[in-house]
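Please examine the sequence and the three-dimensional structure shown here. The explanation that follows leads through the interior of the protein.

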Amino acid sequence: MLSGRRLDLLDPSPLDVEIEDIAHGLARVARWNGQTRGAHSFSVAQHSLLVEAIAAHLNPDWPAGWRLMALLHDAPEYVIGDMISPFKAVMGDAYKGVETRLLAAIHLRFGLPPAPPALQKRKTKQADMIAAFLEATELAGFAREEALRFFGRPQPLPRPVLALVEPLPTQAAEAAFIARFEALSAAA
């Protein structure tokens, strides 16, 4: 990592996890394999901000720690990249095991439980699917009907949340991710 940390993918230590490395990596990983409209790719860092904002909108009573887990839901991708769900399914348990161990180390590093509670995980997945619908229709060229088949019907969202679908330059996405992490960490 740019921080100088060395992360063992098979046995990751929370001591080797730094938020700067996560933000830097996620801001450079493109969602939809970069096949999106706009001058900039839509990064996993931006996707994470969008998912956290949707989860917060749908669950206004969530504590800051649960919102922080929503922000970090795809954090392992700073190391392993963003793979499409069908490919993850082909890779099976081996991929899932690496991802789960990385997420546990990330959570422990920031004072969170190694695995999110089932309700938090389910609600974050709901927000993730809404984000995917928005990204698919606004950025990746999906027709609304096609996106409805893959991602389900999204709930209405306020304009500030919808504004997060606009692709940002890499440095701006990285800075926004760190700023949101710091705000949620301070509140937690």
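In this predicted model, I22 touches V17, A75, Y78, I106, F110 and F177, leaving out residues up to four places away in sequence. Several of these residues appear again in a wider grouping: the largest nonpolar core comprises 30 residues, and those with the most contacts inside it are V17, I22, L72, I106, F110 and F177. Two or more residues of this core come from each of the helices α1 (19-28), α2 (44-58), α3 (64-71), α4 (77-80), α6 (93-109) and α10 (170-187). A second, separate core has 21 residues, among them A53, A55, A131 and V165. In general terms, nonpolar side chains tend to be buried together in soluble globular proteins.

Helix α2 deserves a closer look. The helix has 15 residues and spans 21 Å from its first C-alpha to its last, close to the 21 Å expected at 1.5 Å a residue. Because 13 of the 15 residues of α2 are buried, this helix is largely enclosed by the rest of the structure.

One residue of helix α2 is H47. Is H47 buried or exposed? Its relative accessibility is 0%, and buried means under 20%, so H47 counts as buried. Which residues surround it in contact, beyond its neighbours within four places in sequence? H47 is in contact with R31, F42, H73, D74, D128, A131 and E135. With D74 there is also a polar contact, formed between the side chains of H47 and D74 at 3.3 Å. A131, another residue in contact with H47, belongs to the second core.

Notes:
Residues numbered from 1 in each chain as written. Predicted model: local features only at pLDDT ≥ 70, side-chain atom pairs only at ≥ 80, totals over all residues. Heavy atoms only, no water. Core = buried A, V, L, I, M, F, W, Y, C linked by side-chain atoms within 4.5 Å. Buried < 20%, exposed > 50% of the residue type's maximum accessible area, 1.4 Å probe, protein only. Helix = DSSP H or I, 4+ residues; strand = E, 2+ residues; numbered from the N terminus. Contact = heavy atoms within 4.5 Å. Expected span 1.5 Å × (residues − 1). Polar contact = N/O pair within 3.5 Å; in protein donor to acceptor, adjacent residues only side chain to side chain.
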